[in-house]
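Here are my notes on the model you sent. They cover strand pairing, the core and one polar side chain.

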Amino acid sequence: MNLNKVFLIGRLTQEVDFKFLPSGSAIANLTLATNRSYKDKNGNIAEETEFHRVVAWGKLAELCHKYLNKGRLIFVEGRIRSRSWVDNSGVKRVAYEIIAENINFGPRNAVIETEKELESLETELDSFKLDNDSDIDTLDISY
């Protein structure tokens with residue numbers, strides 16, 4: 001059995017790029033940022049950001065265009081697809097994108113509410129780390 005499934009929670013880094021193809025199909029391209037917090041080798045909290053290209057088709061694309069904007073928190077469920085091509089210089093290029101099968105929209109005022117929720121969650125996780133001496137030494141939070 002094979003499985004190609006992706007779950008991402010993050011914020012849109014730009015407005016939705018929406019259009020209709022000549023075939024009449026609606027397509028929306030979204031750029032999603034996810035953050036990962038972890039402790040580095042010195043015990044300091046570090047953060048890294050990944051950017052993901054998300055593609056939505058049909059009615060889902062139309063809904064994204066209608067309701068989403070830059071900075072909005074979303075939950076994406078989909079699959080990874082790779083595309084390859086040879087550029088004008090003759091170099092083979094590969095791009096990976098998430099084909100959205102479902103997108104849940106976060107609250108419109110997500111910035112304020114989510115920051116408060118994250119602070120609360122981080123406090124909870126810090127107290128868990130102090131009480132629990134397991135081998136888990138990294139903290140993965142995407143928002």
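1. Helices (H or I, at least four residues) and strands (E, at least two) are DSSP runs, numbered from the N terminus. This is a predicted model, in which local features need pLDDT of at least 70 and side-chain atom pairs count only at pLDDT 80 or more, while totals for chains, interfaces and linings use all residues. Residues are numbered from 1 along each chain as its sequence is written, and side-chain values use heavy atoms, with hydrogens and water left out.

2. T34 lies in strand 3 (residues 26-39). T34 is buried (under 20% relative accessible area, 1.4 Å probe, protein chains only), at 8%. Its side chain makes a polar contact (N or O atoms within 3.5 Å, one able to donate a hydrogen and the other to accept it) with the side chain of H52, at 2.8 Å.

3. The largest nonpolar core (buried Ala, Val, Leu, Ile, Met, Phe, Trp, Tyr and Cys residues joined through side-chain atoms within 4.5 Å) has 20 residues. Those with the most contacts inside this core include A28, L30 and I103. Elements giving two or more residues to the core include helix 1 (58-67) and strand 4 (45-57). Strand 3 provides the largest share, four residues.

4. Strands pair if DSSP finds at least two bridges between them. Strand 1 and strand 5 run antiparallel, joined by six bridges; F7 has E77 of strand 5 as its bridge partner. Strand 5 also pairs with strand 6, antiparallel, over 13 bridges, and V86 stands opposite K92 in strand 6.

5. The hairpin of strand 5 and strand 6 has five residues between the strands. In this hairpin, G90 takes a positive phi near 85°.

Conventions. Buried < 20%, exposed > 50% of the residue type's maximum accessible area, 1.4 Å probe, protein only.
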